[in-house]
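Visitor: I should like to learn how the features of a protein model are read. May we go through them one at a time?

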Amino acid sequence: AYATRQVRFLQDRVLGKLEDDPLSEPSGHSSSSGAARRPRCKYAEGCYRQNPQHKADFCHPGDWDWQPQVQMTPALREDFAA
């Protein structure tokens, strides 16, 4: 039951259904204003690149458009089926 609530929380965050989410888009960056989410940097927390263009092209943990990736495992699928 706890794992199911955690997954639903993450799904709601990814789908943008949470209010007062500390990682939500700051004002001026809403998708309705035309700001596009950047692709995720494949190195994530381990990224060492300091190039400002890289930081402009890819999002990193802590950025407004970084979203957690939720992977459905067979156990989680069973929880959702219940």
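Visitor: How far is the sulfur of Cys41 from the closest cysteine sulfur, and why is there no bond?

Guide: A disulfide is a covalent bond between the sulfur atoms of two cysteines. The rule used here asks for a pair of cysteine sulfur atoms within 2.5 Å. The closest cysteine sulfur to that of Cys41 belongs to Cys47, and because the distance is 3.7 Å, the two are too far apart for a bond. Cys59 is likewise in no disulfide, since its nearest cysteine sulfur, that of Cys41, lies 8.4 Å away. The structure therefore holds 0 disulfides.

Visitor: On what basis should such values be read?

Guide: This is a predicted model, in which local features need pLDDT of at least 70 and side-chain atom pairs count only at pLDDT 80 or more, while totals for chains, interfaces and linings use all residues. Residues are numbered from 1 along each chain as its sequence is written, and side-chain values use heavy atoms, with hydrogens and water left out.

Visitor: Are Cys41 and Cys59 buried or exposed?

Guide: A residue is called buried under 20% relative accessible area, exposed over 50%, and partly exposed in between (1.4 Å probe, protein chains only). Cys41 is buried at 4% relative accessibility, and Cys59 is buried at 0%. Of the 82 residues of the chain, 18% count as buried.

Visitor: How much surface does the chain expose?

Guide: Accessible areas come from the Shrake-Rupley method with a 1.4 Å probe; for residues, only the protein chains shown count as cover. The chain exposes about 6200 Å², and carbon and sulfur atoms supply 52% of that area.

Visitor: Which helices and strands does the chain have?

Guide: Helices (H or I, at least four residues) and strands (E, at least two) are DSSP runs, numbered from the N terminus. This chain has 3 helices and 0 strands, in the order α-α-α along the sequence. Helix H1 covers 2–15, while H2 covers 52–57 and H3 covers 74–81.

Visitor: Where does Leu76 lie, and which residues does Leu76 contact?

Guide: Contact means heavy atoms within 4.5 Å. Leu76 lies in helix H3 and is buried, at 15% relative accessibility. Leaving aside neighbours within four places in sequence, Leu76 is in contact with Val7 and Gln71. Leu76 and Val7 are 69 residues apart in sequence, and their C-alpha atoms are 8.0 Å apart in space. For the chain, among contacts between residues at least 6 apart in sequence, 50% join residues at least 24 apart.

Visitor: How many salt bridges are there, and which residues form them?

Guide: Side chains of opposite charge can pair when their charged atoms come close. A salt bridge here is a side-chain nitrogen of Lys or Arg within 4 Å of a carboxyl oxygen of Asp or Glu. The count comes to 2 salt bridges. Asp63 forms one with Arg38, the closest N and O atoms being 3.2 Å apart. Asp63 lies in the loop between H2 and H3 and Arg38 in the loop between H1 and H2, so this pair ties together parts 25 residues apart in sequence. Asp65 also meets Arg38 in a salt bridge, at 2.7 Å from N to O. This second pair links distant parts of the chain, 27 residues apart. Through shared partners, Arg38, Asp63 and Asp65 are joined into one network.

Visitor: Are Asp63 and Asp65 buried or partly exposed?

Guide: Asp63 is partly exposed, at 23% relative accessibility, whereas Asp65 is buried, at 3%. Leaving aside neighbours within four places in sequence, the contacts of Asp65 are Ala36, Arg37, Arg38 and Cys59.

Visitor: What is to be said of the aromatic rings?

Guide: Rings of Phe, Tyr and Trp (its six-membered ring) pair if their centres lie within 6.5 Å; planes under 30 degrees apart count as stacked, over 60 as edge-to-face and the rest as tilted. The count comes to 1 aromatic pair. The ring centres of Tyr43 and Tyr48 are 6.4 Å apart and their planes stand at 45 degrees, so the pair is tilted. Tyr43 is partly exposed, at 41% relative accessibility, and Tyr48 is exposed, at 62%.
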